[in-house]
Amino acid sequence: MNDKHTIQEYYKRKLYGGRGPFARGVDFLSLRAVILGAGYLFFASKTEDAWLRWFLSVTLLGLVCACAELYKSIRLDKFKLRERARIQQAYAREQLLLLPGREFAAAAQAYALSHKEDYPADCLIFPLQRSTPLQKDTVLSILRLARYRQCKDVALFSTAPIDEDAVELLENAQISIHPQGFSVLGAMAHARGLLLDDAGIDLRILELARRKKQARKKNVPFAPERVKRYLLVAMGLFTFSFFAPYALYYRLMAIVCISLGTLSWWMARSAPQQKL
């Protein structure tokens, strides 16, 4: 398996809930078999020519597959961009976290000085290297320091976000704390050559894929997010059965979809889920 294939498979596994090629193939065939059967039943009520029924059913299936592939392609391309950005951000935060404290503080001050319009003189520049979300005690310490220095605003250069419980604390505080986003932290990392290039991101993905492969004990052939698709198809078939002949067959296929959705949910719950 070459590197390009490994990277592509990494994206697909992440996008489709950890399912491998076999599981995706089972899902692919199951849904399309139901669509083909439903199409055949529909055209059976329109024509008695068996060959024409099959031709129209296969044509309908081909159109559905083409639209589905186009949608999946667009979705996968967007996911690739998001995933590469996520990896870049995670790596940059990790590298900033590993910087000596004085160097990180100097980087924050240097950025603020180069963007004076965003950081007025009475704004407290507060650099903070943390690997976990900031708790209430940390936020209280920042607020006390800002009050002591008579600052009304705090620019928080932190490698970790503020915990939700601590965010509530800020609602009634007279001092505003503004966590700096990745656009700022990324610029700091870029100034010190700490960002990955495209080749570096690919290597990172290959490492993550190998680590995941070693840790994975068994595949999950179905994923929870696929349950929704099975149920939507089942609802469509059941609703259509009230307006078309062969209603019993449409309802039987709806039951098959519900059964597949139930199996998907059960197997996803019974198998251990692992994230990268």
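Two helix axes count as roughly parallel when the angle between them is under 35 degrees, as roughly antiparallel over 145, as roughly perpendicular from 65 to 115, and as oblique for the rest. Keep that in mind as we walk through this structure, which is a predicted model.

Let's start with two helices, α3 (residues 50-98) and α7 (residues 182-191), whose axes come within 10 Å and cross at roughly 60°. The pair α3 and α7 is therefore oblique. The crossing of these two helices, α3 and α7, is left-handed. On the α3 side, the contact is made by Q88, Q89, A92, R93 and L96, and α7 contributes F182, L185 and A189. Sorted by character, the residues where α3 meets α7 are five nonpolar, two polar and one charged.

Now let's turn to the aromatic rings. Searching the whole structure gives six aromatic pairs. One of them joins Y10 and Y11 edge-to-face, with 5.9 Å from centre to centre and 65° between the planes. Y10 and Y11 are both buried.

Another pair brings together Y119 and F157: the ring centres are 5.8 Å apart and the planes stand at 35°, so this pair is tilted. Here the pair links distant parts of the chain, since Y119 sits in the loop between α4 (101-114) and β1 (123-128), while F157 belongs to strand β2 (residues 153-158), 38 residues apart. Y119 and F157 are both buried. These two rings also have company: together with Y111, Y119 and F157 form one aromatic cluster.

Methods. Residues are numbered from 1 along each chain as its sequence is written. This is a predicted model: local features need pLDDT of at least 70, side-chain atom pairs count only at pLDDT 80 or more; totals for chains, interfaces and linings use all residues. Side-chain values use heavy atoms; hydrogens and water are left out. Rings of Phe, Tyr and Trp (its six-membered ring) pair if their centres lie within 6.5 Å; planes under 30 degrees apart count as stacked, over 60 as edge-to-face and the rest as tilted. Buried means under 20% relative accessible area, exposed over 50%, partly exposed in between (1.4 Å probe, protein chains only). Helices (H or I, at least four residues) and strands (E, at least two) are DSSP runs, numbered from the N terminus. Axes are lines fitted to C-alpha atoms, for helices over the stretch in contact, and angles run from 0 to 180 degrees between N-to-C directions. A crossing is left-handed if the near helix is turned anticlockwise from the far one by less than a right angle, and right-handed if clockwise. Contact means heavy atoms within 4.5 Å. Ala, Val, Leu, Ile, Met, Phe, Trp, Tyr, Cys and Pro count as nonpolar, Asp, Glu, Lys and Arg as charged, and the others, Gly among them, as polar.
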